Amino acid sequence: MAETESIDIHQYLTFKLDDETFALTIGKVREVLDFTTVTRVPQTPDYMRGVINLRGSVVPVMDLNRKFGMAHTDKTVNTCIIIVEIDMEGETTILGALADSVQEVLELEPDQIEPPPKIGTKLRTEFIKGMGKHNDEFIIILDIDKVFSAEEISTVQNVFKQEEVEA
Amino acid sequence: MLTIEQEARAPGSLLLKLRGDADVTGTTQLREALLTGLNEQNELLIDCSQTTSFDFFAIQLLCSAHRSAVVGGKKIRLVAGDLPTLKQAIRATGFARQNGCSLCPDDDDCLWCIN
Amino acid sequence: MLDQQREVYKEEARELLSELEDSLLELEESPEDSELVAKVFRAMHTIKGSGAMFGFDDIAAFTHEVETVFDLVRNGEISVTKKLISLSLEARDHIRSLLEGNDIDLTKGAALVKSFQALVPSKTPAVEETPRTLPAENLSANSEAAATYRIRLHLVENIIFTGTRPDALLRELSELGACKVVAHTHEVPLLADINPENCYTHWDIVLTSTRGVNSIKDVFIFVEDDAELKIDLIDDGLSSDDELDYKRIGEILLDRGDISKEELEAILSQNKPIGQKLIDAKKVPQEKIDAALNEQEMVRAARQQRQAQDSASSVRVPAERLDLLVNMVGELVTVQARLSQAAASRDDSDLMAIAEEVERLTGELRDNSLNMRMLPIGTTFSKFKRLVRDLSGELGKKIELKTVGAETEIDKTVIEKLNDPLVHLIRNSLDHGIEMPEVRRQAGKPETGTVLLSAAHSGDSVEITIEDDGKGLDREAILAKGIEKGLISADAHLSDDEVFNLIFAAGFSTAKVVTGVSGRGVGMDVVKRAIEALRGSIAIDSRAGKGSVITIRIPLTLAIIESLLVSIDGDAYALPLSIIEECVELTAMDITNAHGRNLINVRGQIVPYISLREEFGIFDAPPTIQQVVITHHNHIRVGFVVDQVIGQHQSVIKTLGRMCKDVQCVSGATILGDGNVALILDSNQLAKKAEQMAE
């Protein structure tokens, strides 16, 4: 998949987690890789799968399934790592997101997108930018910056540590 | 020319009498005498009343003797009179000390306190 | 075009100003050093001249005024006093602000010029004369004023073969004027070893003469090749304000207990060279004075040597280019590892030979390029001297900064990043550690407090300590504060160590009065974070009433470390090689024998260990025989249990990024020859855990 320079906010990359379809605005997507050896980092939350070597840089990889509390799926030949750019505390950070499979690049006009529902999804609403409709299917458009915001990461890690201590 | 006479004093004490010019030509002889004297005795007394001159090397040798004495726990002293010649030589060569040299700082009897 | 030249001037001026500051501080300690005065003058002269050339007229004009006054110092018409140095340092700061174009206070400039002019004696303002050389030589040509010189004479041992008699030399000198000779006899051997025809003595001579320095030199004309001769002008007989240099010698004697304070003051009130005064007053044996003078001399000589080394041929390179180079070398090292691995697996001997060659060259390139970024920490240390001087003045305390290990080399970036934390720590010592002079006196301590800054290499780290002899940390106060701030529970049992290190915790502050000097005490946690950002560690130890010691450890380079690869559950991890002592086996038997405690017996010594498998949450059964990697941390041995030891590896350090910044036991990652990522373990953190578990 090619990365595009143009700020085309109407284009989205869709992918599947379990059997739900999600989308990311194309501007945030750097590239898509095949699943490769991921080195696990101890004492990190389980949605953090580990790190990979991306042309000499060490990039962390997140398991979105786990982050969203969905069923854990096994690795298949379709499993990919989507390399995204997120804005964390004013700085741009590269990380990878594990997807069960990657679909296509879609164009969604604003009138095809509805605001996120208050209830009814397993996801926390702040992670969702909107709901896109395409071919009678609902696509959850993610706000990737929020999913991996600094507070998210540290809160969960703190919780994790707490559990460890009590165990 | 330097002659050195030896005279036993109280047990363990030896007097060395130096006659003539104490200079570099006599230092080998002087060294022998001092070395043996300090090895065999507890106290060496040096009589320079008949010494006509001193040069730096003689003074330096005395310094070495003094050090060896202090290190060996022995004593070395100048006797017999005021010895203006010797004192002048000690001053001129810079060996004079006020209250005691660095090896025996509290000793008013130190060889080098010539005031 | 002109802009570029102005930039170049600015760069050079900055360097000159930095050297100027150092020289002024040195001059304060050795006020009779005419070479230092000349150096200061030259620096000012250059700044003035180049400034005028590149259009920095305000700098040129101001510097001219100051240079004028220093010309008088050079000619001996004004002597070096603390006031002069303080003014000069202020002037230097002013020039700096003119250079950088910030906060230019024109009134300050005018005020400084006025203060300088006030120092000029009203008799002969010899202002616009051409630069002269050693003032003493001038005097011999023009005046008959008696001048006092200090002559140091060191003859070769076999001087007798040259036909020269030392007595004769000394006698000729005494004919030039009042002369006091001191012989240094510490090299005179014992009778048993002495060759009575050798000269083992060297001399310090203080001579007051109207005949001028050339006459002195003439005395030694025939022994020039067989003697080391140094002639210093101590008192040129013209000015009466030589108090400062005498005070320096006096201070040394005072410190060594050779003289009491009253005696020193009584003597200074007379008006003769101190050497003479003390001798006349029979206060201090001559030898001790010379020992003190000796001390001064040695320090100066050492400094001069260091300066000579610094000004050896060098090239200016923009820092970014250096960084780029080091990055590329890092990449090269990684790729070379892959090449070696690929070559090994192909079993092609030609290829393997080439791969080995590449490995060797890459290693050299790596070492050399990392070396280029290493700078002696001394440059940072000398900046602190100024800081301590100014600060102690402000606080009304007497504080001396001593430094050890200034030649210790550290990576450039690390030095830059250490600057602020060190400044803060020193300010803290000065403000909260060292007591006021009266308090110190009552406590039986010397009035002048000492802060000792030292740096040394230790393994692949550098250890920097800041030690003060102040009042130390108040354990109870810290404990109370810790409980109050909720950092620890009221009934926690903490060792002294743990209490003291509470001051580094976020949200901690015991400063009862917020002083302007170091601000609130909250800075300590910032300092700790800064040090940890450099992958270093900081700890503090203290004894009430005696002082405190802060120890900082930082890895030498940020880029590459030699490591040992180990495997746990099929994954590779890297441990820094420098802390590893050995590896021993851990069998099921050993575990049973320890009866539930994580201890292993290594040749009679009990070593606690931590199982990395368990630590990492891998609960599958471990292999029957595991390996314990024994490491040392702060003189304590700790073991890490792994599945296997793989081998050595040159690890180019990659940061894990912000996502993993809270992970405790991992400090970075490296890429292996096969392209996989291996995590670099933070041995410090793991060691702490092991120690805790062993308790």
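# Terms and values in a predicted model

Q: Why is C:Arg441 called exposed?
A: Its relative accessible area is 52%, and the label is given over 50%, with buried meaning under 20% and partly exposed in between (1.4 Å probe, protein chains only). C:Arg441 is therefore exposed.

Q: What kind of model is this, and how are its parts numbered?
A: This is a predicted model, in which local features need pLDDT of at least 70 and side-chain atom pairs count only at pLDDT 80 or more, while totals for chains, interfaces and linings use all residues. Residues are numbered from 1 along each chain as its sequence is written, chains are lettered from A and ligands numbered from 1 in the order in which they are written, and side-chain values use heavy atoms, with hydrogens and water left out.

Q: What makes C:Arg441 and C:Glu447 a salt bridge?
A: The term requires a side-chain nitrogen of Lys or Arg within 4 Å of a carboxyl oxygen of Asp or Glu. The closest N and O atoms of C:Arg441 and C:Glu447 are 2.6 Å apart, so the pair qualifies. C:Glu447, at 18% relative accessible area, is buried.

Q: How do you know that C:Asp390 and C:Arg389 form a salt bridge?
A: Their N to O distance is 3.8 Å, so the pair meets the rule. C:Asp390 is partly exposed at 32% relative accessibility, whereas C:Arg389 is buried at 17%. Both belong to a network of salt bridges that also includes C:Glu21, C:Lys82 and C:Arg386. Over all chains the count is 42 salt bridges.

Q: Why is the salt bridge of C:Asp204 and C:Arg150 said to tie together parts separated in sequence?
A: C:Asp204 lies in strand 3 and C:Arg150 in strand 1 (residues 147–155) of chain C, so the linked parts are 54 residues apart in sequence. Strands (E, at least two residues) and helices (H or I, at least four) are DSSP runs, numbered from the N terminus. The closest N and O atoms of the pair are 3.1 Å apart, and both residues are buried.

Q: Why is C:Ser209 called buried?
A: C:Ser209, in strand 3 (residues 202–209) of chain C, has 2% relative accessibility and therefore counts as buried. A polar atom of its side chain lies 2.9 Å from the backbone oxygen of C:Leu176.

Q: What makes strand 17 and strand 18 of chain C a pair?
A: Two strands pair if DSSP finds at least two bridges between them. Seven bridges join strand 17 (residues 626–633) to strand 18 (residues 636–642), which run antiparallel, so the condition is met. C:His633 stands opposite C:Ile636 in strand 18. The two strands are part of an open sheet of five with mixed pairing, in the order 14-17-18-16-15.

Q: Why are strand 14 and strand 15 of chain C called edge strands?
A: Strand 14 (580–586) and strand 15 (599–602) each pair on one side only.

Q: How do you know that A:Asn135 is exposed?
A: Its relative accessible area is 63%, so the exposed class applies. A:Asn135 lies in the loop between strand 10 (128–134) and strand 11 (137–142) of chain A. Its phi is positive, about 50 degrees, although the residue is not a glycine.

Q: Why is C:Asp569 called partly exposed?
A: C:Asp569 has a relative accessible area of 37%, so it falls in the class between buried and exposed. The residue is found in the loop between strand 12 (560–568) and strand 13 (571–576) of chain C.

Technical notes
A polar contact is a pair of N or O atoms within 3.5 Å; within protein, one must be able to donate a hydrogen and the other to accept it, and residues adjacent in sequence count only if both atoms are side-chain atoms.
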